[in-house]
Amino acid sequence: MTYLDGLLIVVGVGVVLWGTFRQTVGMLLSWLGLYLVVTAVGMVVLFIGGTYGFGASLVRSLWGTSGSIRLFEAAVFLGLGVGLFLVYEVTIRLIFPNPGLSKLGFWDNVFGGLLGAVLGLVIMALFSNALRVVVITPWQPFDIWSQLATAYNGSFLAPYLARVLRIFSKLLFPFLFLGYPPVLIG
């Protein structure tokens with residue numbers, strides 16, 4: 001078990017607690033937000049990858065080598081994705097301050113926690129796979145890359161989360177036709 005596993009467990013437990021607090025309808029809105037954000041950010045990453053392919057071909061034809069864009073794609077995916085998701089959540093929280101179902105009572109929190117557990121698994125899978133994309137190709141400074149690669153390769157949860165990501169990726173219908181960005185390929 002590496003520090004990556006510890007971080008992923010903290011994220012997962014946090015999302016479950018957040019789901020219990022937000023209740024069923026709030027978590028359904030969060031699921032919608034995650035779907036929209038991952039789709040939008042995935043499209044941006046596909047665009048960046050497509051334009052990089054053209055630029056890399058040009059650089060290779062002129063100078064013979066080009067660097068990898070995987071680190072940049074993962075950083076854009078995570079940075080833009082987390083930022084947009086937080087903006088979405090704050091906006092939804094302002095529009096629907098208490099979206100709970102009062103008739104369910106205690107069970108509203110339980111169902112929210114269950115939805116939060118599944119959402120937490122998906123978020124953990126996205127973070128884990130983003131780190132996989134980051135460490136696929138070595139980069140400088142090498143010691144930081146080496147530490148991240150060791151954390152990912154020694155992770156107990158990463159292989160299981162890759163399965164979760166494969167299931168979630170199939171639900172992202174626009175990518176069935178366009179191809180998946182590297183961060184969504186488990």
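**Exercise 1. Aromatic pairs**

Task: Count the aromatic pairs, then classify those that involve Trp-107 with Phe-106 and with Phe-111.

Solution. The count comes to seven aromatic pairs. The rule: rings of Phe, Tyr and Trp (its six-membered ring) pair if their centres lie within 6.5 Å; planes under 30 degrees apart are stacked, over 60 edge-to-face, and the rest tilted. Take Phe-106 and Trp-107: the ring centres are 5.8 Å apart and the planes stand at 70°, so this pair is edge-to-face. Next take Trp-107 and Phe-111: 6.1 Å centre to centre and 35° between the planes make a tilted pair. Both Trp-107 and Phe-111 lie in helix H3 (residues 106-136), four residues apart, about one turn of the helix. Helices here are DSSP runs (H or I, at least four residues), numbered from the N terminus. Ring pairs thus link Phe-106, Trp-107 and Phe-111 into a cluster.

The model is predicted: local features need pLDDT of at least 70, side-chain atom pairs count only at pLDDT 80 or more, and totals for chains, interfaces and linings use all residues. Residues are numbered from 1 along each chain as its sequence is written, and side-chain values use heavy atoms, with hydrogens and water left out.

**Exercise 2. Accessibility classes**

Task: Are Phe-106, Phe-111, Leu-94 and Ile-48 buried, partly exposed or exposed?

Solution. Set the cut-offs: buried is under 20% relative accessible area, exposed is over 50%, and partly exposed is in between (1.4 Å probe, protein chains only).

- Phe-106 has 61%, so Phe-106 is exposed.
- Phe-111 has 37%, so Phe-111 is partly exposed.
- Leu-94 has 67%, so Leu-94 is exposed. Leu-94 lies in helix H2.
- Ile-48 has 17%, so Ile-48 is buried. Ile-48 lies in helix H1.

**Exercise 3. Helix H2 and Glu-89**

Task: Test the span of H2, then find the side chain of opposite charge nearest to Glu-89.

Solution. The expected span is 1.5 Å times one less than the number of residues. For the 26 residues of H2 this gives 38 Å; the end C-alpha atoms are 37 Å apart, which agrees. Glu-89 sits in this helix (residues 70-95). Buried residues of H2 include Phe-77, Phe-85, Tyr-88 and Glu-89.

Now the charge. Lys and Arg count as positive, Asp and Glu as negative; His and the chain ends are not counted. A salt bridge needs a side-chain nitrogen of Lys or Arg within 4 Å of a carboxyl oxygen of Asp or Glu. Arg-22 is the nearest side chain of opposite charge, 4.4 Å away, and Glu-89 has no salt bridge. Contact is a looser test: heavy atoms within 4.5 Å. Leaving aside neighbours within four places in sequence, Glu-89 is in contact with Trp-18, Arg-22 and Ser-30.

**Exercise 4. Core and long-range contacts**

Task: Which residues have the most contacts inside the largest nonpolar core, and what does Ile-48 touch?

Solution. A nonpolar core is a set of buried Ala, Val, Leu, Ile, Met, Phe, Trp, Tyr and Cys residues joined through side-chain atoms within 4.5 Å. The largest has 41 residues, with Leu-34, Val-38, Phe-77, Leu-126 and Leu-184 having the most contacts inside it. H1 (3-63), H2, H3, H4 (142-153) and H5 (158-170) each supply at least two residues of this core. Beyond four places in sequence, the contacts of Leu-34 include Phe-85, Leu-119 and Phe-168.

With the same exclusion, Ile-48 is in contact with Ile-69, Phe-72 and Val-76. Ile-48 and Ile-69 are 21 residues apart in sequence and 8.9 Å apart, C-alpha to C-alpha.
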